[in-house]
Amino acid sequence: MAKDYYGILGVSRDASDDDIKRAYRKLARQYHPDVNPDPEAHEKFKDINAAYEVLSDDQKRQIVDLGGDPLAPGGGPGAGPGGAGGPFVGFQDIMDAFFGAAGGSRGPRPRTRPGADAILRLELDLPETAFGVEAPIAVDTAVLCTTCSGAGTAPGTHLATCEACGGRGEVQSVQRTFLGQVVSSRPCTVCQGYGTVIPHACPTCAGDGRVRTRRSLTVKIPAGVEDGMRIRLAQQGEVGPGGGTAGDLYVEIHERPHDVYSRKGDDLHCRVTVPMTAAALGTRLTIKTLDSEEPVDVKPGTQPGSTLRLRARGVPHLRGTGRGDLYVHLDVRTPTKLDAEQERMLREFAKTRGEEVAELTKQGGFFSRMRDAFNGHA
């Protein structure tokens with residue numbers, strides 16, 4: 001019994017060629033195995049292909065209209081879908097056939113292409129990041145081949161047109177499918193899509209148009225840069241294939257730890273230890289900043305953990321004028337060892353202030369005074 005090819009596509013017997021094509025496109029998108037993994041959809045797709053093959057061919061359609069089946073054994077010319085030489089193409093080829101992508105000329109791709117960016121780590125000390133510096137750096141990148149000037153050919157020779165693709169950079173193939181003849185284009189494997197070949201490669205760069213080498217540069221570090229910042233040097237990166245425009249070089253700043261100062265943004269912090277007596281009586285300290293020496297007054301009665309602020313003695317602002325501040329954190333040092341005379345004098349001092357020190361050997365004396373201190377009775 002002949003198959004109902006009109007019913008498979010869902011069209012009437014008087015459907016036009018355009019109606020048949022539209023119906024097939026709709027069903028092909030719905031049941032193609034690349035879109036619908038259901039095994040039943042795969043079988044359905046075979047039937048759809050067969051129906052379109054028959055109804056899009058005037059001779060085969062005439063056999064169907066007469067009650068025959070051109071794809072059945074002895075029923076007419078051609079083989080069934082999936083048989084030897086059966087027209088089964090991929091989903092992308094179908095889309096290309098629908099929308100004209102296949103056969104669209106792309107042309108040869110250029111041998112000269114832009115180069116990649118490069119990055120370099122640069123370690124600097126705090127004064128260098130604070131006030132700026134001109135730092136020498138060594139860069140390992142690809143540079144233009146001076147032998148061929150980027151052409152990739154040996155001296156005295158030139159590029160030759162690819163005979164396989166005729167200089168187009170692509171080759172075309174014609175495929176007979178259920179849609180008719182589909183022309184598809186692929187990059188030429190002989191010239192790799194360039195359209196030209198190098199008969200005699202440059203002995204220095206082997207046809208790449210660039211060589212790797214170490215260069216010495218000087219980078220200007222502006223005042224106020226911070227750890228992790230990057231400085232861009234335009235077109236100092238990798239030269240591209242074929243002598244293409246060089247990419248950029250990024251110099252990433254890494255600030256070494258300082259033995260005195262720690263940095264938070266544009267502010268600096270340091271710790272200074274003062275004796276207990278100096279904190280009690282007051283004193284004057286000389287603080288060595290990054291670029292000067294500054295006198296600092298410690299007021300009498302300064303407590304442990306106090307902070308002194310020196311305005312505009314930090315790091316210069318990267319953008320704009322002015323500088324950050326310097327914060328001096330004071331650690332009050334209590335003596336750990338006293339001789340007999342020093343201990344006697346300190347006890348006498350405590351008595352004059354009503355702060356008699358309790359003997360640890362007295363039961364309850366020390367802890368009672370601690371309790372009183374917490375309760376505000378000291």
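How many bridges join β11 to β15, and do the two run parallel or antiparallel? Let's work that out, along with a few other puzzles. This is a predicted model, where local features need pLDDT of at least 70, side-chain atom pairs count only at pLDDT 80 or more, and totals for chains, interfaces and linings use all residues. Residues are numbered from 1 along each chain as its sequence is written, and side-chain values use heavy atoms, with hydrogens and water left out.

**Exercise 1. Follow β11 to its partners.**

Step 1: get the terms straight. Strands (E, at least two residues) and helices (H or I, at least four) are DSSP runs, numbered from the N terminus. Two strands pair if DSSP finds at least two bridges between them.

Step 2: answer the opening question. Eight bridges join β11 to β15, and the two run parallel. For one rung of that ladder, look at Pro275, whose bridge partner in β15 is Arg333.

Step 3: turn to β10. Strand β10 (residues 262-264) pairs with strand β11 (residues 267-275) over three bridges in the antiparallel sense. Here Arg263 stands opposite Leu268 in β11.

Step 4: check the turn. β10 and β11 make a hairpin with two residues between them, and Gly265 in that turn has a positive phi of about 70°.

**Exercise 2. Put the strands of the open sheet in order.**

Step 1: read across. Three strands form this open sheet, in the order β1-β9-β8, with mixed pairing.

Step 2: find the edges. β1 (118-124) and β8 (230-233) are the edge strands, each pairing on one side only.

Step 3: zoom in on one pair. β8 and strand β9 (residues 249-255) run antiparallel and are joined by four bridges. Arg232 has Tyr250 in β9 standing opposite.

**Exercise 3. Find the aromatic pair and say how its rings sit.**

Step 1: set the rule. Rings of Phe, Tyr and Trp (its six-membered ring) pair if their centres lie within 6.5 Å; planes under 30 degrees apart count as stacked, over 60 as edge-to-face and the rest as tilted. The count comes to one aromatic pair.

Step 2: apply it. The ring centres of Tyr24 and Tyr52 are 4.4 Å apart and the planes are at 25°, so this pair is stacked.

Step 3: place the rings. Tyr24 belongs to helix α2 (residues 17-31) and Tyr52 to helix α3 (residues 39-55), so the pair ties together parts that are 28 residues apart in sequence.

Step 4: check the cover. Buried means under 20% relative accessible area, exposed over 50%, and partly exposed in between (1.4 Å probe, protein chains only). Tyr24 is buried at 0%, and Tyr52 is buried too, at 5%.

**Exercise 4. Track down two non-glycine residues with positive phi, and sort them by exposure.**

Step 1: try Ser149. Its phi is near 60°, a positive value in a residue other than glycine. Ser149 sits in the loop between β2 (133-144) and β3 (160-161), and its relative accessible area of 56% makes Ser149 exposed.

Step 2: try Ala312. Ala312 isn't a glycine either, yet has a positive phi of about 55°. You'll find Ala312 in the loop between β14 (307-310) and β15. With a relative accessible area of 32%, Ala312 is partly exposed.

**Exercise 5. Locate Leu338 and state its exposure.**

Step 1: find the loop. Leu338 lies between β15 (326-333) and α8 (340-352).

Step 2: read the area. At 38% relative accessible area, Leu338 is partly exposed.
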